[in-house]
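Visitor: I should like to go through this model step by step. Please show the sequence and the structure before we begin.

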Amino acid sequence: MVDNVVDIVDDAVDDAVDNVVDDAVDDTVDNIVDIVDDIVNDIVNIVDDMVDNVVDDAVDDAVDDIVDIVDDIVNIVDDIVNDIVNIVDDIADIDEDAVNIVDNIADDVVH
């Protein structure tokens, strides 16, 4: 009978210890999983931020390059327009010189 009581108590203590250990292990594993999950999420967020920054910088650089190219094109067109204006002015001067020469010849013929 005492052996049965000892066995019952021994089994009860073993079950209690097993339950406490199982609960402790389960809680520890859950905590480790939560910590690893948080670390992975932090790493993913950091990588996302890094990618966003790289993309933002690349877009900014591309826009700056496009603006520079457009500025260069505007300057080239402005130079071409100025050259055309100067050529037209030169043609007008030549035309005026031709008119003066014709007038002088006409005056010489008349006199």
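Visitor: How many helices and strands are there in the chain?

Guide: The model is a predicted one. Strands number zero in the chain. Helix α1 covers residues 2–110. The count of helices in the chain is one.

Visitor: What radius of gyration does the chain have?

Guide: For a compact globule of 111 residues, a value near 13 Å would apply. The C-alpha trace of this chain, however, spans about 160 × 10 × 5 Å along its principal axes. Asp30 and Val110 are 80 residues apart along the chain, and their C-alpha atoms are separated by 118 Å. The radius of gyration of the chain is 47 Å.

Visitor: What percentage of the residues of the chain count as buried?

Guide: A residue is called buried when its relative accessible area is under 20%. The chain exposes about 9600 Å², of which carbon and sulfur atoms supply 61%. Of the 111 residues, the share that counts as buried is 0%.

Visitor: Why does Val63 count as partly exposed?

Guide: Val63 lies in helix α1. The partly exposed class runs between the limits of 20% and 50%. Val63 falls into this class because its relative accessibility is 43%.

Visitor: What is the relative accessible area of Asp30?

Guide: Asp30 is also placed in helix α1. Asp30 is partly exposed, with a relative accessible area of 46%.

Visitor: How much accessible area does the nonpolar patch on the surface have together?

Guide: Val63 belongs to this patch, whose members include Ile35, Ile39, Val59 and Val67. Together the residues of the patch have an accessible area of about 740 Å².

Notes
Residues are numbered from 1 along each chain as its sequence is written. This is a predicted model: local features need pLDDT of at least 70, side-chain atom pairs count only at pLDDT 80 or more; totals for chains, interfaces and linings use all residues. Side-chain values use heavy atoms; hydrogens and water are left out. Patches are made of residues with over 30% relative accessible area and no salt bridge: like charges are joined within 9 Å, nonpolar side chains (Val, Leu, Ile, Met, Phe, Trp, Tyr) within 5 Å. Accessible areas come from the Shrake-Rupley method with a 1.4 Å probe; for residues, only the protein chains shown count as cover. A salt bridge is a side-chain nitrogen of Lys or Arg within 4 Å of a carboxyl oxygen of Asp or Glu. Helices (H or I, at least four residues) and strands (E, at least two) are DSSP runs, numbered from the N terminus. Buried means under 20% relative accessible area, exposed over 50%, partly exposed in between (1.4 Å probe, protein chains only). The radius of gyration is taken over C-alpha atoms; the globule rule is 2.2 Å times the number of residues to the power 0.38.
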